[in-house]
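Please read the following account with the sequence and the model open side by side. It goes from the sheet to the side chains.

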Amino acid sequence: MTESPIGPVDATKVPRFAGRGTFARIPEIGDVGDYDIAVLGVPFDGGTSYRPGARFGPMGIRQASRNLRPRFHVELDTAPLERVQVVDAGDVPCTPYNIDDALKQVERHARELRGDGLKRIIALGGDHTVALPMLRAAKETYGPVALVHFDAHLDTWDTYFNAPITHGTVFRRAVEEGLLAEEKSIHVGIRGPVYDELDLVDDARFGFRVIRAGDLDVIGIDGAVDAVRRRVGDAPVYVSVDIDVLDPAFAPGTGTPEMGGLNSRELLHVLRRLDGLNIIGGDIVEVAPAYDHAEITCLAAATVAFDLVTLMSKNEPGDR
C-alpha cells in the first residue's frame, strides 16, 4: 500500500450504533483501490452435527463489532487500521444445500481475494467446515501451513453419519490433503467426551499435539504460549478459533457447547501472546446468534477477529 489506509467510521463523529454495518465499520472492499487484509463472511452451517444456526454468525459478529474501538489496540500497542488497509469483503454466496459445492464456492472466493498471494483473509463463519476451503486456498500460496486450533473438540473424526466432510472432520481431511505442515499443528482448549478412545489415538497419529483446557490450570498462560510457539516455529501459521473453546458461560451462542472451557481473558491472553508469528490467515467459527444472550458470544468473536487482524497487521510481508 502506498496511500494512507482508509479506516473505520470515526466513532467520535458517528455513534457506534449508527453508520455502516461492515465489520468494525471498516470500508467495504469496493471502497478502496487495494487492500492488505480482508474480513470475509462465510454463512454456511451445512456441516453442523448438533445445533444449527452458525450461518447467521457473520451477521451477528458484524453487529457486535460495532462495540469495538478499533483505531488502537492497547495490549498489542499498535494502530492496525493505520498500518494496513483492512476491508470487509462481504459474504461468500454459497449454497446451503450441498457441502461439496459450498466448499468449492468458498475456496474459489478465497483464492480470488488472495489475489497475488500476499493478501490475508479472516473468515467469519459459519461452522468449522469452512476452515477446509480456507486452508486449501492458503496452500496455493504458502504450501502446507502450521495450524493453531482453538476448540473444545479435535475435529479429526473420520466420518459422521458416513459424511466425510463435516465440522468435526475438517482437520483429518486437511492432513490427508497435505494442507498442514508435518509436526507443526496444535489444538488448544480441548475437553469433553469423545466417541471412542481411538479418536485420541488417531489425532496423535496425524501429528497433532494437544493443550487441554484443564492443562492451563497446571502450566498457565506462559506454558501454553511457549508450547504453541515452539510447535509452530517460523512456519506460516493459520489460526482457527472455534468459539466453543470458551466455556458456555462466556459463549452460550454456539452449536456444540462443552463445560469446563477457557474464560474470555485466558483466550485473549494466549491469542495476543502469539504476536510475531507469521500468521497468514484465520477464521472465527461456530457462532450461532439464536442461542446467544446480550451478544455475549458475538462480541467475543468480534474481539477475537479484531485481534487476528491486529496480529497480522504487525507482520505484513514487507516487514519480514
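A residue is called buried under 20% relative accessible area, exposed over 50% and partly exposed in between, with a 1.4 Å probe and protein chains only. Ala249 has a relative accessible area of 54%, so Ala249 is exposed. Ala249 lies in the loop between S7 and helix H8 (264-272). From Ala249 to Pro27 the C-alpha distance is 33 Å, and the two are 222 residues apart in sequence.

The model is predicted: local features need pLDDT of at least 70, side-chain atom pairs count only at pLDDT 80 or more, and totals for chains, interfaces and linings use all residues. Residues are numbered from 1 along each chain as its sequence is written, and side-chain values use heavy atoms, with hydrogens and water left out.

Helices (H or I, at least four residues) and strands (E, at least two) are DSSP runs, numbered from the N terminus. Two strands pair if DSSP finds at least two bridges between them. On these terms there is an open sheet of eight strands with parallel pairing, in the order S2-S1-S3-S8-S7-S4-S5-S6. Strand S2 (86-91) and strand S6 (208-212) are the edge strands, each pairing on one side only. From one strand to the next, the twist averages 15 degrees. Angles run from 0 to 180 degrees between N-to-C directions, and axes are lines fitted to C-alpha atoms, for helices over the stretch in contact.

Strand S4 is a useful place to look at the pairing. S4 (residues 146-150) and strand S5 (residues 185-190) run parallel and are joined by three bridges. In S5, His187 is the bridge partner of His149, and Val188 stands opposite Phe150. S4 also pairs with S7 in the parallel sense, over five bridges; here Leu147 stands opposite Tyr238. Is S4 mostly covered or mostly uncovered? S4 is mostly covered, with five of its five residues buried. Ala146, Val148 and Phe150 point one way from the strand, while Leu147 and His149 point the other way, and all are buried.

Ala146 also leads to a loop residue. Ala235 is found in the loop between helix H7 (216-232) and S7, and counts as buried at 11% relative accessibility. Contact means heavy atoms within 4.5 Å. Leaving aside neighbours within four places in sequence, Ala235 is in contact with Ala146, Lys184 and Asn278. Ala235 and Ile279 are 44 residues apart in sequence, with a C-alpha to C-alpha distance of 8.8 Å.

Helix H9 (residues 296-313) lies across five named strands: strand S1 (37-42), S2, strand S3 (120-125), strand S7 (237-242) and strand S8 (279-285). H9 runs at about 175 degrees to S8. Thr303 has its place in H9 and is buried, with a relative accessible area of 18%. Beyond its neighbours within four places in sequence, Thr303 is in contact with Leu68, Leu268 and Arg272.

A disulfide is a pair of cysteine sulfur atoms within 2.5 Å. A search of the whole structure finds zero of them. Why is Cys94 without a bond to Cys298? The sulfur of Cys298 is the closest cysteine sulfur to that of Cys94, but at 18 Å it is too far for a bond. Cys94 is buried, with a relative accessible area of 14%, and Cys298 is buried at 3%.

A pair of aromatic rings is described by the distance of the centres and the angle of the planes. Rings of Phe, Tyr and Trp (its six-membered ring) pair if their centres lie within 6.5 Å; planes under 30 degrees apart count as stacked, over 60 as edge-to-face and the rest as tilted. The structure holds four aromatic pairs. Trp157 and Tyr160 are stacked, at 5.2 Å centre to centre and 25 degrees between the planes. Tyr160 and Phe161 have ring centres 5.0 Å apart and planes at 80 degrees, so this pair is edge-to-face. Ring pairs link Trp157, Tyr160, Phe161 and Tyr195 into a cluster. Within the cluster, Trp157 counts as partly exposed at 24% relative accessibility, as does Tyr160 at 21%, whereas Phe161 is exposed at 72%.
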